[in-house]
Amino acid sequence: METYTLKVAGLTRELPICSASEKLDIAAFIMFSDVEMTVAATTELLKKAPEFDVIITAESKGIPLAYEAARQSGKNYVVARKSVKLYMTDPISVQVKSITTAAVQTLYLSQEDVARLKGKRVLILDDVISTGESLTAVEELVKEAGGNIVGAGAVLAEGDAADRTDIFFLEKLPLFFK
Ligand SMILES: O=P(O)(O)OC[C@H]1O[C@H](OP(=O)(O)OP(=O)(O)O)[C@H](O)[C@@H]1O
Ligand SMILES: Nc1ncnc2[nH]cnc12
């Protein structure tokens with residue numbers, strides 16, 4: 001399998017290159033099962049983060065990062081879910097279409113999580129920001145919940161996201177046009 005060599009937070013990983021569409025390949029960055037990367041990347045990312053009260057991420061690959069950032073900072077975290085669970089009371093929702101997923105998805109927050117965000121300084125974290133659609137969706141949710149967004153960060157900024165000045169990140173990740 002073709003790979004892309006990524007150096008981030010003092011670590012080196014070979015990312016598998018996968019087909020995202022007929023015209024585009026991406027180098028898949030999966031922090032699941034990589035505790036060393038999760039811990040090291042979180043430490044570096046928190047050095048760049050503004051002051052915050054609570055972290056939010058989108059299900060699913062952002063979850064280990066948000067958990068580890070909460071653990072290292074002593075703050076709490078919230079997960080925007082991609083489906084409604086029976087224990088989620090009166091959820092609020094927004095629609096999202098990310099680069100990796102063909103179908104439009106919906107992000108949900110329960111009223112318990114809305115209460116965790118309301119009036120708080122909210123830091124948005126994710127593993128990768130690419131088209132920015134997921135970030136926009138999380139921003140909408142936080143605003144609807146009454147949170148104040150203080151920053152948005154990712155381990156990697158993919159493609160055009162690397163030119164954004166409204167996010168912070170550790171490394172760029174190229175897109176591979178066929
Ligand atoms: O900037 P975007 O184009 O929106 O892409 C970034 C999003 O894509 C990935 O999630 P994905 O949709 O693959 O879902 P997963 O984490 O559940 O695998 C990643 O974790 C981000 O949330
Ligand atoms: N390169 C990538 N790897 C994993 N998830 C992604 N989401 C968007 N781009 C991604």
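**Figure 1. The shell of residues around ligand 1 in the predicted model.** Ligand 1 is surrounded by 18 residues, of which T100, D126, D127, T131 and S134 are the closest. Sorted by class, this shell around ligand 1 consists of three nonpolar, nine polar and six charged residues. The strand β8 supplies the largest share of the shell around ligand 1, namely four residues.

**Figure 2. Polar contacts between ligand 1 and the side chains of K82, D126 and T131.** In the side chain of T131, an N or O atom lies 2.5 Å from an oxygen atom of ligand 1, and for the side chain of D126 the corresponding separation from an oxygen atom of ligand 1 is 2.6 Å. The side chain of K82 also takes part, with an N or O atom placed 2.8 Å from an oxygen atom of ligand 1. Ligand 1 has 500 Å² exposed when taken alone, and the protein buries 89% of that area. The pocket in which ligand 1 sits is the largest one, and the elements giving two or more residues to its shell are β8 (121–129) and α4 (133–145).

**Figure 3. The surroundings of ligand 2 in the predicted model.** The residues that surround ligand 2 are I26, A27, A28, F29, K61, I99, T100, V128, S130, E158 and L173. By class, seven residues of this shell around ligand 2 are nonpolar, two are polar and two are charged. Ligand 2, too, sits in the largest pocket, which is the pocket where ligand 1 sits.

**Figure 4. Polar contacts of ligand 2 with A27, F29 and K61.** From the backbone of A27, an N or O atom lies 2.8 Å from a nitrogen atom of ligand 2, while a backbone N or O atom of F29 is found 2.9 Å from a nitrogen atom of ligand 2. In the case of K61 the contact involves the side chain, where an N or O atom is 3.4 Å from a nitrogen atom of ligand 2. Taken alone, ligand 2 exposes 260 Å², of which the protein buries 92%.

**Figure 5. The loop residue E51 and its separation from G151.** E51 belongs to the loop that lies between α1 (35–48) and β4 (54–58). Because its relative accessibility is 60%, E51 counts as exposed. Although E51 and G151 are 100 residues apart along the chain, their C-alpha atoms are separated by 8.9 Å.

Technical notes
Residues numbered from 1 in each chain as written. Chains lettered and ligands numbered in written order. Predicted model: local features only at pLDDT ≥ 70, side-chain atom pairs only at ≥ 80, totals over all residues. Heavy atoms only, no water. Near = heavy atom within 4 Å. Polar contact = N/O pair within 3.5 Å; in protein donor to acceptor, adjacent residues only side chain to side chain. Areas by Shrake-Rupley, 256 points an atom, 1.4 Å probe, with all protein chains shown as cover. 1 Å grid on protein atoms, 1.4 Å probe; cavity = no way out; pocket = protein on both sides within 12 Å on 5 of 7 lines; lining within 4 Å. Sits in = over half its atoms within 2 Å of the grid points. Nonpolar A, V, L, I, M, F, W, Y, C, P; charged D, E, K, R; others polar. Buried < 20%, exposed > 50% of the residue type's maximum accessible area, 1.4 Å probe, protein only.
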